[in-house]
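Please find below a short note on the structure under review. The points concern its overall make-up and its disulfides.

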Amino acid sequence: MAGFNKMGVILLAASLGCMFLQLCSATRYYDFVLKETNFTRLCSTKSILTVNGSFPGPTIKVHKGETIYVNVHNQGLYGVTIHWHGVKQPRNPWSDGPENITQCPIQPGSSFTYEVVFSNEEGTLWWHAHSDWTRATVHGAIVILPAAGTKYPFAAPHAQHPIILGSWFKSDVMEVINSALATGADPNISDAFTINGQPGDLYSCSKASTYRLKVDYGKTYMLRIINAIMNEEQFFAIANHTLTVVTQDAAYIKPITTSYIMITPGQTMDVLVTANQPRSHYYMASSAYADGIVPFNNSTTTAILQYRGNYSTPSTIPLPSLPIYNDTTAADSFTALLKSLASKAHPISVPTKITTRIYMTIAINERICPNASCAGPDNNAIAASLNNISFETPSIDILQAYYGGINGVFEGNFPSNPPHFYNFTGDYDNSTIYPTFGAKVKFIKYGEGVEIVFQGTNLIAPENHPMHLHGFSFYVIGTGYGNFNATESPKTYNLVDPPEVNTVGVPKNGWTTIRFLADNPGMFICSVSMSMVYALSFGKTFQLGNGHCDHSEKWKHNKVEASPTTCPYASLLQVLDLLLISYPK
């Protein structure tokens, strides 16, 4: 199932020096107006929810360590929240944004001001709606430049351009997901992919509006690539041009020279491209990588790299040679190259003392429907789970309940292991198909080294699962196929220069191990970053919670400022396919 909204990672201590930087650096203010706007794509016009009338939405530009304030005015039709994907928000979970987790939806006709605290992120991140499927049209880039007085660990590019890969649905996206929830079946796939909001030449009625990136011969450009697509991993390339990948998820990596990239929903990559080919037009293109059996969009979106100068416009524009949709070897070959820069100026710190270990299965499940009345497998509804627990959304946001001492909203018993062990990537029996439902938390002491093994399963529809952690970045120290082996698998770990990310793809019928330091007090979720799974896991309770939350100032401005001695615990909250991390008051 594709679809989850991916989220951040844990990795920031609120040191005195960091606090000083936040106080003394510039503060920027933004106004976001959520409103319905008409757009024409694929020969038809429809109304979509936008920020400030644009698709994609506006780009936020900051320097490393700055704090910004974004006032969101909701003039739309339904409640919405905004998430700052990959921004760690040290000691500031109140502005993280996931609906019914850290806040209630911003209701139509009301406003909410987010304080977005940047820390050690440097590169490209993004913001997006975190309510239902509004993310499809409500999203934009976050550009984080080096702090004043510092520079890139490579030659500065001539210019920089966000390249946002997106999804376009001819139908209203809310109708798409509401229909799926009503029937229990998969949501309809998108009708097109887009590059910076445009489908490109290969789709009907799209040639005139294809996005064009104009370049000067001999210059080097930074493309800040964001996969904002709802469900599909993507291959991306530019015809006849070499790509040099220099960051992933706002952290520097050892430069990779390649003809293509594979990027998971929610991930970002900064790519250098030198305009060194004969002056002409060249397609940049993106298409799906899909290794599962669920329906997916198998079309290709294009944009044009257009050289400035005097030359004849080519009658045929060359297309890049992208891997085919199910080329797992191509996907794995690229991701194996990703390693942290790990330099003196950009060091890493992989936890080696692990005191909390979690083994977490990821599964597509069934929710039993009365009288076999649904359109999913076995006439049931599709669900999704972590350690066989699927989320039921509460009527009060969990962060408010936690800090307000409101009982009955979540339970503190999320398991460190699945309820029973079996051949996760092989055969299974009916006892594993049907999950339990609830919102569960696992408490972790502040400052502990955490290792999580994400284990894919063969249930219902095995596929790659992108996982995203809010409030932190984590190190991907190992990955492989089959069942994780506690004796043999750790022998393959990379503890020297593993990539530091906020989103990772767990391979189909495989496993991925991550590590992070639990040093950011707050409540943050970990989610499967595929919107299809994310929505369907809510089952019939998907729309509960609107109108029941308190948006009073005491919740809006509360901060988790306690020191580790008075804030000794963190917690992991399992929410649907979401894992929530929080630290007590």
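The numbered points that follow begin with the whole chain and then turn to each disulfide.

1. The model is predicted. The protein contains 6 helices and 33 strands. Of its 585 residues, 63% are buried. Its exposed surface comes to about 20,400 Å², and carbon and sulfur atoms supply 52% of that area.

2. Among contacts with a separation of 6 or more, 81% are between residues 24 or more positions apart.

3. The structure holds 2 disulfides. In general, such a link is a covalent bond between the sulfur atoms of two cysteines.

4. One disulfide joins Cys-43 to Cys-205, with an S to S distance of 1.9 Å. This pair connects distant parts of the chain, 162 residues apart. Cys-43 lies in the loop between strand 1 (27-41) and strand 2 (44-51), while Cys-205 lies in the loop between strand 10 (192-195) and strand 11 (212-215). The disulfide is right-handed because the torsion about its S-S bond is about 95 degrees.

5. Are the two cysteines of this link buried or exposed? Cys-43 has a relative accessibility of 48% and therefore counts as partly exposed. Cys-205, at 58%, is over the 50% cut-off and so is exposed.

6. The other disulfide is formed by Cys-369 and Cys-374, whose sulfur atoms are 1.9 Å apart. The torsion about the S-S bond is -90 degrees, and the link is left-handed. Buried residues have under 20% relative accessible area; Cys-369, at 4%, therefore counts as buried, and Cys-374, at 9%, is buried as well.

Definitions and conventions
Residues are numbered from 1 along each chain as its sequence is written. This is a predicted model: local features need pLDDT of at least 70, side-chain atom pairs count only at pLDDT 80 or more; totals for chains, interfaces and linings use all residues. Side-chain values use heavy atoms; hydrogens and water are left out. Helices (H or I, at least four residues) and strands (E, at least two) are DSSP runs, numbered from the N terminus. Buried means under 20% relative accessible area, exposed over 50%, partly exposed in between (1.4 Å probe, protein chains only). Contact means heavy atoms within 4.5 Å. Accessible areas come from the Shrake-Rupley method with a 1.4 Å probe; for residues, only the protein chains shown count as cover. A disulfide is a pair of cysteine sulfur atoms within 2.5 Å.
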